[in-house]
Amino acid sequence: MFSAADTTFMAQAIRLAELGRYTTSPNPNVGAVLVHNGVVVGSGYHRQAGGPHAEVSALREAGIAAKGATCYVTLEPCSHYGRTPPCAEALIAAGVARVVVAMQDPNPQVAGRGVAMLRSAGIQVDVGLLEAEARALNPGFLSRMERKRPYVQLKLAASLDGRTALANGDSKWLTADAARSDVQHYRAQSCAILSTATTVLADNARLNLRPEQLQHSVTALQSGELRQPKRVILDRNGTLDHKLALFNDGGEVLLCVSKVENSRPLPNIARQIHCPLDSKAQFDLVALLEHLALRENVNTLWVEAGATLAGTLLRLNLVDELIVYLAPKLLGNTAQPLAVLPEFTALAQVPELRWTDMRMVGPDIRLTATVNHTATGVTG
């Protein structure tokens with residue numbers, strides 16, 4: 001069904017899609033390549049929500065050479081009117097002969113309609129080439145569409161013996177400058193950062209994106225398209241003062257409260273969102289994640305907080321990926337733990353992880369692991 005040339009051109013489209021990973025939110029990363037008689041005549045990727053989609057950029061570059069060409073695209077062309085017209089219509093109008101799609105769009109507004117529209121116009125459509133690679137481009141978007149919650153990345157920094165701070169709370173700085181700069185790349189690719197009022201108050205944390213700390217050049221930096229992720233702060237008791245640095249560095253702040261108070265003074269960049277309590281009178285994090293996905297269009301949620309929130313998210317099986325920076329230090333058994341988890345009585349209850357990456361970041365080690373949701377036995 002697919003030739004070696006098909007695979008080569010789709011791989012090129014996937015590489016193009018990766019260029020938008022800092023700027024497309026809440027839209028997915030998409031790349032497209034137009035080929036006529038074995039020659040690339042147009043290519044493009046989705047740069048920013050509200051801007052031209054990948055197929056449109058490729059068509060503009062190809063011009064009249066798009067007629068009779070094959071379009072390789074990493075995600076099914078859209079079939080609905082949003083901030084831009086349907087890409088399926090644009091491909092039909094350009095006279096392309098064939099469209100090769102890596103994967104169907106899980107967005108219910110599309111979900112096969114784009115493919116059907118193209119086929120109804122007499123265009124050959126083949127679906128499924130390098131689908132796994134295409135899915136890997138958009139874990140957050142796919143999570144929001146398929147699971148109705150964001151893709152959750154939990155960031156932790158610890159000593160070699162798995163401790164995050166001394167018993168007195170001192171943790172500055174456990175990891176070196178390189179690790180803290182590395183974190184900025186994750187923040188830049190996230191739609192929102194989740195933390196707690198306790199974490200913010202501990203050192204007047206800003207929890208924002210600092211482009212000057214990015215270690216290497218990013219395409220988005222050159223065009224000024226980087227945006228500040230939303231800061232989502234669990235502030236049940238309304239303890240955050242509007243004079244804190246959090247409210248003075250740009251980017252929207254969402255304060256999660258159990259009861260919205262109209263009388264509370266807040267800066268223009270901040271607003272309160274109601275988060276219900278669970279049976280233990282704690283924030284219902286499952287409901288919060290659903291709200292962030294469906295109401296705030298959050299694809300990827302980056303979590304930076306203490307051991308309590310980390311443990312709760314793991315216990316509720318809400319973490320998809322762990323990013324742990326290990327410093328070459330030993331803090332001892334009285335130091336604070338990585339995550340507060342319930343006591344396990346059998347190994348079958350322990351969260352099961354799968355290593356996906358291990359590398360040096362300056363003098364520290366960055367470990368990346370995904371959570372096997374089907375195997376974990378952690379419960380409330």
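**Exercise 1. A strand and its partners**

Which residue in strand 12 does Ala192 stand opposite? Describe the surroundings of strand 8 in this predicted model.

*Solution.*

Step 1. Ala192 stands opposite Leu301 in strand 12. Strand 8 and strand 12 (residues 300-303) run parallel and are joined by 3 bridges.

Step 2. Strand 8 is also joined to strand 9 (residues 230-234), by 5 bridges, and these two strands run parallel. Within this pairing, Ile233 in strand 9 is the bridge partner of Ser195.

Step 3. Consider next the directions of the side chains. Ala192, Leu194 and Thr196 point one way from strand 8, while Ile193 and Ser195 point the other way; all are buried.

Step 4. A conclusion follows for the strand as a whole. Because 5 of the 5 residues of strand 8 (residues 192-196) are buried, the strand is largely enclosed by the rest of the structure.

**Exercise 2. The sheet of 9 strands**

State the order of the strands in the open sheet of 9 strands, and identify its edge strands and the helices that lie on it.

*Solution.*

Step 1. The order is 11-10-9-8-12-6-13-16-15, and the pairing is mixed.

Step 2. The edge strands are strand 11 (270-274) and strand 15 (353-361), each of which pairs on one side only. From one strand to the next, the twist averages 25°.

Step 3. One pairing in this sheet may be examined in detail. Strand 9 pairs with strand 10 (residues 253-257) in the parallel sense, over 4 bridges. Here Val232 has Leu254 in strand 10 as its bridge partner.

Step 4. Helix 11 (residues 307-315) packs on the sheet and touches strand 6, strand 8, strand 9, strand 12 and strand 13. The direction of helix 11 makes about 135° with that of strand 6.

Step 5. Helix 7 (residues 177-188) lies across several strands, including strand 6 (151-159), strand 8 and strand 16 (364-371). Helix 7 runs at about 165° to strand 13 (321-327).

**Exercise 3. The environment of Thr300**

Is Thr300 buried or exposed? Name the residues in contact with Thr300, leaving aside its neighbours within four places in sequence.

*Solution.*

Step 1. Thr300 lies in strand 12.

Step 2. The cut-off for a buried residue is under 20% relative accessible area. Thr300 has 12% relative accessibility and therefore counts as buried.

Step 3. With its neighbours within four places in sequence left aside, Thr300 is in contact with Gly140, Tyr151, Gln153, Gln189, Ser190, Cys191 and Ala192. Ala192 has already appeared in Exercise 1, as the residue opposite Leu301.

**Exercise 4. The annotated positions**

At which residues does UniProt place the feature "binding site"? Locate His53 and Cys87 in the structure.

*Solution.*

Step 1. According to the unreviewed UniProt entry, the feature "binding site" is placed at His53, Cys78 and Cys87. These residues are spread over 35 residues of sequence, yet they cluster in space, with a largest C-alpha distance of 9.2 Å.

Step 2. His53 is found in the loop between strand 2 (39-45) and helix 2 (54-62). Cys87, by contrast, is found in helix 3 (residues 87-94).

Step 3. Cys87 has 1% relative accessibility and so counts as buried. Leaving aside neighbours within four places in sequence, Cys87 is in contact with His53, Glu55, Val56, Pro77 and Cys78.

**Exercise 5. The sheet of 5 strands and a helix pair**

What is the order of the strands in the open sheet of 5 strands? Describe also how helix 3 and helix 4 are arranged.

*Solution.*

Step 1. The order is 2-1-3-4-5, with mixed pairing. Strand 2 and strand 5 (124-127) stand at the edges with a single partner strand each, so one side of each is left without a neighbour in the sheet. The twist averages 15° from one strand to the next.

Step 2. Strand 3 (residues 70-73) pairs with strand 4 (residues 98-101) in the parallel sense over 4 bridges. The bridge partner of Thr70 in strand 4 is Arg98.

Step 3. Helix 2 packs on this sheet, where it touches strand 1 (31-36), strand 2 and strand 3. The direction of helix 2 makes about 140° with that of strand 2.

Step 4. Two packed helices are described by the angle between their axes and the distance between the axes. The axes of helix 3 and helix 4 (residues 113-120) come within 9 Å and cross at roughly 20°. That makes helix 3 roughly parallel to helix 4, and their crossing is right-handed.

Step 5. At this crossing, Ala88, Glu89, Leu91 and Ile92 in helix 3 meet Gly114, Met117 and Leu118 in helix 4.

Conventions. Residues are numbered from 1 along each chain as its sequence is written. This is a predicted model: local features need pLDDT of at least 70, side-chain atom pairs count only at pLDDT 80 or more; totals for chains, interfaces and linings use all residues. Side-chain values use heavy atoms; hydrogens and water are left out. Buried means under 20% relative accessible area, exposed over 50%, partly exposed in between (1.4 Å probe, protein chains only). Two strands pair if DSSP finds at least two bridges between them. Axes are lines fitted to C-alpha atoms, for helices over the stretch in contact, and angles run from 0 to 180 degrees between N-to-C directions. Contact means heavy atoms within 4.5 Å. UniProt positions are given in the numbering used here, feature names are shortened, and annotations may be inferred rather than shown by experiment. Angles under 35 degrees count as roughly parallel, over 145 as roughly antiparallel, 65 to 115 as roughly perpendicular and the rest as oblique. A crossing is left-handed if the near helix is turned anticlockwise from the far one by less than a right angle, and right-handed if clockwise.
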